[in-house]
Amino acid sequence: MNHISPVLWQFLSKWLSNFPLFPPEASKIAPQMDALYFFMVLVSLVGLTIVILLVVSFSMLYHKQRHPHAVQIEGSTLLEATWTIIPLGLFLIMFVWGALLYFRIYTPPANAMNIYVVGKQWMWKAEHPGGQHEIDALHVPMGRPVQLTLISQDVFHSFSIPAFRVKREAIPGRYTTVWFEATKVGTYHLFCTQYCGTNHSQMIGDVVVMTPDDYKKWLASSTSGDSLAQNGERLFASLSCNACHNSGADARGPNLVGVYGSRLALSNGQTVTVDDAYLRQSILDPSQHVTQGYSPIMPTYQGQVSEEGVIALVEYIKNLNSDYRLQQTLNTTSFPPSIEGKPGPAGNAAAPGEVKQ
Amino acid sequence: MSAATIVSLPDQSTARVPKMNFLTRENGLLSWLLTGDHKRIATLYLISITVFFFIGGALAGLIRLELLTPQSDLVAADTYNKLFTMHGVIMVFLFLVPSVPATIGNFVIPMMVGAKDLALPKINLLSWYLYVAAGIMMIYTMAAGGVDTGWTFTTPLSTHYVNTHVITTGLCIFIAGFSSIFTGLNFIVTIHKMRCPGMTWFRLPLFVWSNYAASILMVLGTPVLAITLVLIILERTVGIGVFDPAKGGDPLLFQHLFWFYSHPAVYIMILPGMGVISEVVSTFSRKRVFGYTAVAFSSVAIAVFGFFVWAHHMFIMGISNYAALVFSLLTMLVAVPSAIKIFNWAFTLYKGSITFETPMLYAFGFMGLFTIGGMTGVFLGATGTDIHLTETYFIVAHFHFVMVGGMLMAFLSGIHFWWPKWTGRMYPEKISQLAAVVTFIGFNLTFFPQFILGTLGMPRRYASYPPEFQVLNVFSTAGASVLGVGYLLPVLYLTWSLKYGAVAGNNPWQATGLEWQVQSPPLTENFPEIPIMDHEAYDYDWLEHHQQQEVASV
Amino acid sequence: MSETATTTHGALAEAGVTHHGEHPSYQRHHFESVGQQFDATNFAMWLFLLTEVMFFGGLFTSYLIMRNWYYPAFVEGSHHLSIFWGTSNTAVLITSSFTLAMGVWCAQTGRKSGLVLCLWLTFFLGMVFLCIKGIEWHAEWVDQHVPGLHFTDADFINPALDPVTYNEYHDQPLSPDMATKTEMYFFLYFAMTGMHALHMVIGIAILGFMIWRAKAGAYTTGHFTFVENFGLYWHFVDIIWIFLYPLLYLISRHQ
């Protein structure tokens with residue numbers, strides 16, 4: 001670039017940066033995605049140029065005035081093979097490259113810090129494990145893998161951060177995850193990109209990337225209450241989960257200490273790994289997620305606990321590695337009579353005599 | 001200038017449009033409303049489709065006007081949502097899906113196979129009535145307040161969260177779907193059972209092959225849309241949550257069912273257009289289409305593969321990574337036949353004798369714009385880039401490039417190509433070429449900036465947007481006004497030509513194909529006697545010989 | 001041009017194609033022969049039935065997915081259907097297919113009164129099917145198993161509440177959240193049998209029309225394509241039921 005006058009180069013770069021053709025690259029995956037994108041642009045340009053060249057040059061060379069008699073040609077298997085195999089080859093390269101990127105983006109690393117995001121008409125609520133809540137904003141530290149666990153409380157939404165090149169649908173009824181590692185401090189757009197009703201275009205916000213120190217300061221200053229896990233603990237007791245899920249000898253439900261991440265045998269013979277999605281489903285749809293050796297007496301909490309509540313419960317169970325506090329609550333709580341021997345508030349009475357097998 | 005065109009008209013001082021033709025055979029409104037003649041039905045369709053195209057276009061104009069400014073200041077957000085929903089529904093179901101098949105296909109396919117009509121004329125008429133019923137329902141829906149779910153009717157938004165006219169729109173699309181099914185059914189039966197003696201499959205014009213492939217998609221895919229709409233309507237009325245997770249249903253089930261039709265639908269929309277391009281490129285380079293067999297089979301390949309790629313609309317929706325992998329691979333495979341066609345058409349020009357009449361200009365526009373649109377489809381078919389580009393203006397640009405830059409240009413190419421056959425009149429060439437160029441320029445100005453907007457991250461279906469996106473949006477709206485002019489012009493001069501256009505004669509383009517060997521406009525029964533096909537498709541040597549015989553025998 | 005016209009004409013005549021004006025009255029003008037007309041309309045009916053397969057396919061797919069997810073609810077839901085009425089309906093419908101096939105034979109062999117009788121029998125059997133369906137649906141209404149309108153899952157949480165079913169199957173009580181999924185089962189039950197019944201109603205209406213035309217001798221003078229093609233439709237509706245019956249009624253009999 002030495003032969004371009006510095007003035008001209010300054011002008012060009014100023015013009016280009018003020019009229020961007022792509023968003024800032026603010027995450028680790030962004031340059032990787034841009035590389036594939038620009039490869040595709042290049043291939044498209046080349047392909048388009050070839051097509052235009054062919055059409056234009058043939059039009060000029062074989063214009064009627066110049067070439068009044070057409071020569072009938074049936075075809076050419078060689079040419080057919082060429083323009084079948086070369087595009088196919090290029091497309092397959094893009095397929096493989098794209099697939100690698102896709103798996104990378106949708107497979108969070110084990111050490112990623114988790115932030116829950118609940119989408120609802122028409123706002124995003126981000127819940128940090130430490131209890132910090134944000135609306136239409138997301139503060140993240142630079143240089144650390146961050147996983148987002150998304151869910152919607154009503155309709156489909158889609159959480160999009162163009163600068164990070166990540167996007168994931170927030171679906172009602174199940175968790176979806178995406179992860180990124182921010183590399184540049186700054187404020188970037190956050191959009192909802194799945195049409196969700198009247199104020200779809202207002203469901204936007206800011207992603208603020210901070211240095212790790214600034215992030216710690218922000219965490220400390222923006223929490224005013226308990227962490228998610230503490231909220232979850234409170235919910236766990238108030239919903240009387242501890243009536244069955246404790247470590248007593250006659251407990252009607254499995255002990256949840258250390259259950260997160262373990263392999264669990266279900267009563268239908270399947271074995272599952274207990275992750276966020278499993279925990280959520282077993283709260284909302286328990287009869288399909290019965291641990292082996294237990295009866296299907298757990299009531300569903302569908303309709304009794306919001307998605308944020310579920311998130312709090314999940315976060316609590318995830319961090320549950322000791323039974324001490326739980327036993328404390330059992331000792332100090334007295335249960336209303338309706339709990340004894342019946343499935344719970346959600347359904348009608350079960351037949352008497354349904355106990356742990 | 002006569003060397004620069006292949007147009008060959010009869011002597012205008014003595015030529016007359018034939019007195020007895022399908023337009024003059026019977027008079028009176030009932031003779032049109034109760035007709036079985038495929039050409040009259042095609043004409044009825046042409047008029048109705050044009051009406052809905054301009055309604056959809058007006059909605060597009062309003063959308064682009066709103067998007068001139070970042071704020072939602074022209075219309076309320078709810079209204080904007082209705083605008084883009086109605087624009088999508090009308091353009092997809094009431095314009096693009098029936099455009100080439102129901103107008104040009106209806107008109108020309110029986111003649112191309114050497115038959116006197118389609119196999120089921122009453123079903124053909126029924127198909128038009130269903131279309132009109134759907135259209136009237138759509139107008140009612142708009143007048144009654146419209147629907148704002150997006151043309152994709154994503155659940156649970158469309159089932160439980162809007163109180164607009166989802167059921168009426170669903171019924172409207174259901175009826176339009178049956179219109180489409182009957183058209184496709186008619187084509188398949190006609191092509192299988194009514195080819196004239198000597199007309200083997202590989203002597204059929206490629207337009208027939210393309211419409212055949214599209215008809216298979218119509219017949220097999222549309223019923224799935226029908227049942228999906230039934231389920232949505234039931235869910236809204238009865239309240240069952242088959243798509244509602246709170247009640248045990250699955251919103252992703254809707255997505256699978258919806259896209260199982262809607263992806264083949266895009267091939268229903270584009271394949272007939274590709275058929276037009278084959279005819280036009282061949283005629284205006286005086287050459288058989290290069291690689292006839294490859295082009296014919298690629299149409300069928302697109303139809304078959306098109307059924308197996310639907311989940312590429314769902315890559316970020318929580319389908320498993322492995323499912324995404326499979327659908328991405330299949331998407332790459334379905335892209336290849338389209339590439340094959342583009343190259344075959346380009347090589348048809350090789351050693352041809354090329355002229356640039358209006359249909360050919362539109363065909364060139366198609367080839368360039370469809371290449372861009374198709375390539376950007378590959379951007380989206382690769383799962384990694386799809387994550388960034390999906391649900392943004394990149395998608396909007398992609399599908400407008402293939403549908404408008406591709407299909408609509410092909411439709412206009414076909415209308416201009418068969419206009420002389422249809423009406424017996426030529427349209428004024430200079431203004432039509434101007435309109436083609438204006439359309440091309442306007443189109444690029446409108447939609448190319450949207451690729452950049454999408455890459456920058458601007459989401460689709462946004463009534464208001466961050467201010468840094470305004471410059472590109474202004475470009476896009478400016479282009480839209482030019483595009484509007486380009487589309488209005490043909491309505492004007494084509495209507496003018498009905499009375500004042502030059503008399504076309506049988507074969508103004510010197511084309512092969514059985515439809516060009518009969519009078520313009522054709523007789524109601526097309527052929528006095530069923531012809532015998534004794535030559536290959538696009539046989540210009542036969543045509544020359546045939547014309548010499550005509551001269552000799554007079 | 002006259003030479004080629006003669007060649008055309010001669011070749012066609014050799015092919016057995018009738019000249020304009022010499023064809024049977026029921027041959028439409030765009031067809032070259034009665035055989036072509038029959039071929040085309042028959043093929044068209046098969047194609048239409050293919051679209052119907054795709055149409056019902058969406059419902060079957062949903063049913064199979066939901067059954068896979070909510071197996072206990074679907075098992076117990078299906079226990080509440082009446083095997084007696086379901087089997088009766090199957091017998092009725094299969095018999096009606098038989099009577100229609102006999103009707104087609106009568107049309108082909110010019111037996112007008114036989115055709116009318118067979119069509120009447122088919123009509124009658126079709127009405128019987130719909131009546132039985134009405135009985136079944138009424139029973140579901142009485143049992144409060146009509147989703148969205150009149151539904152309770154009480155007798156899934158406590159199966160003893162419905163003694164008839166309980167005595168036969170001795171179902172275990174479902175947990176409350178699984179019990180709510182029985183509404184999904186019944187929704188699919190009504191959707192599938194309802195869509196089938198709608199097709200039956202259309203078929204019966206066309207049968208009524210055909211009886212009227214058959215009495216006038218329209219189908220026994222050599223042009224029986226309509227009867228044959230309708231036969232295809234009716235047999236198809238029958239086949240859909242043959243899939244519905246095991247999937248809805250029989251599938252969980254021994255569970």
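Me: How far apart should the end C-alpha atoms of helix α15 of chain B be, and what span does the model give?

Reply: This is a predicted model, and a helix in it can be checked by counting, because each residue should add 1.5 Å to the span. Helix α15 of chain B covers residues 429-456, which makes 28 residues and an expected span of 40 Å, and its end C-alpha atoms lie 41 Å apart, which agrees. Just after α15(B) comes G457(B), whose phi is positive, near 110 degrees.

Me: How many residues of chain C are in contact with chain B, and which elements of chain C give two or more of them?

Reply: An interface can be read by counting the residues on each side and then asking where they come from. Here 36 residues of chain C are in contact with 36 residues of chain B, and on the side of chain C the elements that give two or more residues are α1 (2-14), α2 (34-69) and α9 (182-215). The most comes from α2(C), with 16 residues, and the whole side of chain C that touches chain B divides into 21 nonpolar, 11 polar and 4 charged residues.

Me: In what order do the strands of the open sheet in chain A stand?

Reply: The order of strands in a sheet is read from which strand pairs with which, and it need not follow the numbering. Chain A has 8 helices and 12 strands, and its open sheet of 5 strands has the order β3-β2-β1-β5-β8, with mixed pairing. Its edge strands are β3 (133-135) and β8 (176-181), each of which pairs on one side only, and neighbouring strands are turned by 25 degrees against each other on average, direction ignored.

Me: Do β5(A) and β8(A) run parallel or antiparallel, and which residue stands opposite T149(A)?

Reply: Strand β5 (residues 145-152) of chain A is joined to β8(A) by 6 bridges, and the two run antiparallel, with T149(A) standing opposite T177(A) in β8(A). Helix α7 (residues 307-318) of chain A lies across β1 (113-120), β2 (123-127) and β5, running at about 165 degrees to β1(A).

Me: Where are the domains of chain A, and how many residues does each give to their contact?

Reply: A domain may be made of separate stretches of the chain, as the assignment for chain A shows: domain 1 is 20-63 + 81-224, and domain 2 is 228-337. Their C-alpha centres lie 34 Å apart, and the contact takes 11 residues from domain 1 and 12 residues from domain 2. On the side of domain 1, the elements that give two or more residues are β1, β2 and β5 of chain A.

Notes: Residues are numbered from 1 along each chain as its sequence is written. Chains are lettered from A and ligands numbered from 1 in the order in which they are written. This is a predicted model: local features need pLDDT of at least 70, side-chain atom pairs count only at pLDDT 80 or more; totals for chains, interfaces and linings use all residues. Helices (H or I, at least four residues) and strands (E, at least two) are DSSP runs, numbered from the N terminus. The expected span of a helix is 1.5 Å times one less than its number of residues. Two residues are in contact if their C-beta atoms, placed from the backbone, lie within 7 Å. Ala, Val, Leu, Ile, Met, Phe, Trp, Tyr, Cys and Pro count as nonpolar, Asp, Glu, Lys and Arg as charged, and the others, Gly among them, as polar. Two strands pair if DSSP finds at least two bridges between them. Axes are lines fitted to C-alpha atoms, for helices over the stretch in contact, and angles run from 0 to 180 degrees between N-to-C directions. Domain bounds come from an automatic or database domain assignment.
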